[in-house]
Amino acid sequence: MTPGVLVVIPAHDEEESLPRTLAEVRASAPWARILVVDDGSHDDTAGVARSAGVPVVRHPINLGVGGALQTGFRWACTHGYDIVVQLDADGQHDPGYLDALLAPVVAGRCDVSIGSRFVSSTGYHAPWNRRLGMLLFSGVVRLALGRPIYDTTSGFRAYAKRVIQVCQHDFPKDFPDAPLLIALARQGFRLEEVPVVMRERTAGQSFYTLGKQLYYPYKNLLASLMALIRKPV
Amino acid sequence: MYFLSRTQLITALGAVLLALTVLELVRRRKLSEEYSVLWVIASMVIALLGFSTRLLTWVTHTLGFLFESSTTFAFGLGFTVVMLLYHSLKQSRLTIENHALARELALLREEVEALRQGRSDLPR
């Protein structure tokens, strides 16, 4: 039996790319339920999702990717789902990989599986500054955990129920990457990377934009350090 | 009572004026008691140092400041730092609470919609 899988799609001003993403998820995973978390959009993201017949939780203000995901976790818990898949609305993540992503979690081999661009050569090219950041934080995670996680910023992940139950109460609000992975591993959750190919976004912008480029490394380094030294919740 | 300089007198009177302003703001319910505490303590300490030259001189020598005016400034600056840190803490907590409230509101709104539409996927 397939366990109850909820695909949570955090969406901020994604009315353009959302319909296609929803259709793709439905086509590749008809057995999964979808929840769109509209993170304070100014466009018709919620309307687009609703007309596709997908439940929408609408944030009155922008809470960030992590905040939206946490809302998805809360919803999944109250509705009794077993696994949550996090998938971007912008079309970067190919739902064709859902099966591969879910497999280790369903089999109980790990608690969080991460769709990774870097486990094997998947032809992903990023600008140098992003690549530097990714290298830095995968190094930070390797230092903290003693084992590598290559794609720390991947927003294509599957979370087992135990993780969801913990994370619905405590979750990093802006970017759930390196610090989150360190915190999860320290709580004894098993992480595993699954190779995926990611596409170019069809619309919208990366969350990692200009002004944040200076703040982000600082915040993430500090948060990683804190995740390492503070007592797991 | 004697003053080392006109600045000392002005500082002392300024501190009293600040304390009175703070208390008046509390009376008018513009400032909560909680936030007034640090302000009242700060202005009282500065006023005390300003009006008692003996105390000011003693503190200055004990802490090794070169001038009495530096002592007053140091205390003022110390309070400013404490105050700012306190506000940063408060603001961080308010942000967390604010986000939690927004999340609950969003979830409830969705639940209301589900109820209205008679959907079957209600929370268990």
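User: Before we dig in, what makes a residue count as buried, exposed or partly exposed?
Analyst: It comes down to counting other C-beta atoms within 10 Å of the residue's own. With 20 or more the residue is buried, with 12 or fewer it's exposed, and in between it's partly exposed. Keep in mind that this is a predicted model.

User: Okay, is Gly47(A) buried, exposed or partly exposed?
Analyst: Gly47(A) sits in helix α2 of chain A, residues 45-51. Its count is 14 other C-beta atoms within 10 Å, so Gly47(A) is partly exposed.

User: And how far is Gly47(A) from Glu15(A) in space?
Analyst: In sequence, the two are 32 residues apart. In space, going C-alpha to C-alpha, the gap between Gly47(A) and Glu15(A) is 8.3 Å.

User: Which helix gives the largest share of the largest nonpolar core?
Analyst: That core has 66 residues, and Val7(A) and Leu181(A) are among those with the most contacts inside it. Seven of the core's residues come from the top contributor, which is helix α7 of chain A, residues 178-186.

User: Which residues does Val59(B) touch, skipping those up to four places away in sequence?
Analyst: Val59(B) lies in helix α3 of chain B, residues 53-63. It has 18 C-beta neighbours inside 10 Å, so Val59(B) is partly exposed. With those sequence neighbours left out, Val59(B) touches Leu49(B) and Thr71(B).

User: How many charged residues are on the side of chain B that touches chain A?
Analyst: Chain B puts 12 residues into the contact, and chain A puts in 17. On chain B's side, six are nonpolar and one is polar, while the charged ones number five.

Terms used. Residues are numbered from 1 along each chain as its sequence is written. Chains are lettered from A and ligands numbered from 1 in the order in which they are written. This is a predicted model: local features need pLDDT of at least 70, side-chain atom pairs count only at pLDDT 80 or more; totals for chains, interfaces and linings use all residues. Helices (H or I, at least four residues) and strands (E, at least two) are DSSP runs, numbered from the N terminus. Two residues are in contact if their C-beta atoms, placed from the backbone, lie within 7 Å. Ala, Val, Leu, Ile, Met, Phe, Trp, Tyr, Cys and Pro count as nonpolar, Asp, Glu, Lys and Arg as charged, and the others, Gly among them, as polar. A nonpolar core is a set of buried Ala, Val, Leu, Ile, Met, Phe, Trp, Tyr and Cys residues joined through C-beta atoms within 7 Å.
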